[in-house]
Amino acid sequence: MDYIDPHIHMVSRVTDDYETLAKMGCRAVSEPAFWAGFDRGSVDGFRDYFRQLTEFEPKRAGWYGIQHYTWLCINAKEAENVSLSREVIAMIPEFLNNPGVLGIGEIGLNKNTRNESIVFLEHLDLAAKTNEQILIHTPHLEDKYPGTRMILDMLCDDRRLDRSRVLVDHVEEHTIRPVLEAGFWAGMTLYPVSKCTPQRAVDMVEMYGPERVLVNSAGDWGPSKPTAVPDFILAMRLRGHPESLIRQVVYENPLQFFGQSRGFRFTSPDAVTH
Amino acid sequence: MSASVAASEVLNREFLEIRARVLEVAAALDRIDRASGSVKTDQRCGRIDRALAALAQSGPGRAERVQMIFSLPYQEDWQSEFAIEQRR
């Protein structure tokens, strides 16, 4: 089945992973900017990273017929350095009109601190002023519930934001409801230990329906599985769900959400002629 | 969305998986008991105990309840505590 992985960090993966994804039916990926495993020391470090995301990764993905899209920000783990964060936020507009840039992300909270909140709000300001879509990281494990509620507070306070253009990612059983009820998109991340399994993601689709729901691998440099979305597809099939429902979640929903971004110029595989 | 599936069918599908996972939890707790020292006062053990008790409760929503047991609380007044201006 054709699918789109709406959240995967391909800079951390080898080229063979692109080939595997293509063989599994992946037609497009979207790659939010995130933490490299160490704190970068300067705005130029981020500028180089954004060049990698907007120039080289689309090329590498293209070798296997995969369309590559991206989101730009300084992530929550590095947001404790507020002065560097402000330099990066000021630099981001240099890249916003590059092909394949979908918006601001993945912004959010990590340990739910004051500095993270300040930098999150300044990213929201940038997104509102530049009319960009937003992709949001919610914290891990015990910090997820309070952090998600704090993020929703900040989002709902900002009346400039169109909630249908905001994706709140890494939802689990205790956070998906408030995200969907507030009118945002919800992303479920399939990780081997933390976050969500394919089976639990299917449970949540069964409980909350397929509207405004996305499923991703968030494959990165840590323990993660870039082919997790096909695992979800299989889990849906084994429960007897129709192909149309599965396709809605893994293909049509990403197209609908990303289609609201001016940087999303998707070529349907159906449109390719030989 | 899954209401048309019979509970017996779901049990047939899930029984061995549940059995295996319960055994994994039991074995992990045994491993802690066999180790030297005590972790009885570690708050994580209290959370594990409460999560296991939540599994034994009937009715839906177990996964959400277990998630909340392993979560820190949300403070509604966090913005004033952080001196962050609300933008309403």
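Helices and strands here are DSSP runs, numbered from the N terminus, with at least four residues for a helix and at least two for a strand. With that in hand, welcome to this predicted model, in which chain A and chain B touch each other. Chain A comes to 9 helices and 8 strands, whereas chain B comes to 4 helices and 0 strands. The points below take the two chains in turn, then their contact, and then some local details of chain A.

**Chain A as a whole**

- The radius of gyration of chain A is 17 Å, close to the 19 Å that the globule rule gives for 274 residues, so chain A is as compact as a globular protein of that length.
- Taken along the principal axes, the C-alpha atoms of chain A fill a box of roughly 50 × 40 × 35 Å.
- Of the 274 residues in chain A, 48% are buried.
- Contacts in chain A often link distant parts of the sequence: among those between residues at least 6 apart, 74% join residues at least 24 apart.

**Chain B as a whole**

- Chain B follows the pattern α-α-α-α when read along the sequence.
- The radius of gyration of chain B is 19 Å, while a compact globule of 88 residues would have one near 12 Å.
- The C-alpha trace of chain B spans about 55 × 50 × 15 Å along its principal axes.
- Just 2% of the 88 residues of chain B count as buried.

**Where the chains meet**

- The contact takes 19 residues from chain A and 18 residues from chain B.
- On the side of chain B that touches chain A, the elements giving two or more residues are helix H3 (62–69) and helix H4 (78–81) of chain B.
- H3(B) gives the most to that side, with 4 residues.
- By type, the residues on this side of chain B divide into 10 nonpolar, 5 polar and 3 charged.

**The largest nonpolar core**

- The largest nonpolar core has 77 residues, and those with the most contacts inside it are A:Val168, A:Ala186, A:Met188, A:Ala201, A:Val215 and A:Phe232.
- Helix H8 (residues 228–238) of chain A gives the most to this core, with 6 residues.
- A:Ala186 shows what such contacts look like: leaving aside neighbours within four places in sequence, A:Ala186 is in contact with A:Val168, A:Val171, A:Ile176, A:Val179, A:Leu180, A:Arg212 and A:Val213.

**Helix H8 of chain A**

- The buried residues of H8(A) are A:Ala228, A:Val229, A:Pro230, A:Phe232, A:Ile233, A:Ala235 and A:Met236.
- Covering these buried residues are, among others, strand S1 (3–5), H1, helix H7 (198–208), strand S8 (213–216) and helix H9 (243–258) of chain A.
- A:Gly240, just after H8(A), takes a positive phi of about 85°.

**Helix H2 of chain A**

- Helix H2 (residues 43–62) of chain A has 20 residues and reaches 28 Å from its first C-alpha to its last, close to the 28 Å expected at 1.5 Å a residue.
- H2(A) has a kink of about 35° at A:Phe56, shortly before the proline A:Pro58.
- A:Pro58 is itself one of the buried residues of H2(A), and the others are A:Phe46, A:Phe50, A:Leu53, A:Thr54, A:Glu57 and A:Ala61.
- The cover over the buried residues of H2(A) includes helix H1 (15–24), strand S2 (26–32), strand S3 (67–72), helix H3 (82–91) and strand S4 (101–108) of chain A.

**Backbone details to look for in chain A**

- As background, most residues other than glycine have a negative phi, and most peptide bonds are trans.
- The peptide bond from A:Gly105 to A:Glu106 is cis, with omega near -5°, and A:Glu106 lies in strand S4 of chain A.
- A:Asn112 sits in the loop between S4 and helix H4 (114–130) of chain A, and its phi is positive, near 60°.
- A:Asn112 has 23 other C-beta atoms within 10 Å, and the cut-off for buried is 20 or more, so A:Asn112 is buried.
- A:Leu141 has a phi near 50°, also a positive value in a residue other than glycine, and lies in the loop between strand S5 (133–137) and helix H5 (144–157) of chain A.
- A:Leu141 counts as partly exposed because it has 13 C-beta neighbours inside 10 Å, a number between the cut-offs of 12 or fewer for exposed and 20 or more for buried.

Methods
Residues numbered from 1 in each chain as written. Chains lettered and ligands numbered in written order. Predicted model: local features only at pLDDT ≥ 70, side-chain atom pairs only at ≥ 80, totals over all residues. Expected span 1.5 Å × (residues − 1). Bend = angle between axes of the 7 residues up to and from the residue. Contact = placed C-beta atoms within 7 Å. Nonpolar A, V, L, I, M, F, W, Y, C, P; charged D, E, K, R; others polar. Core = buried A, V, L, I, M, F, W, Y, C linked by C-beta atoms within 7 Å. Rg over C-alpha atoms; globule rule 2.2 N^0.38 Å.
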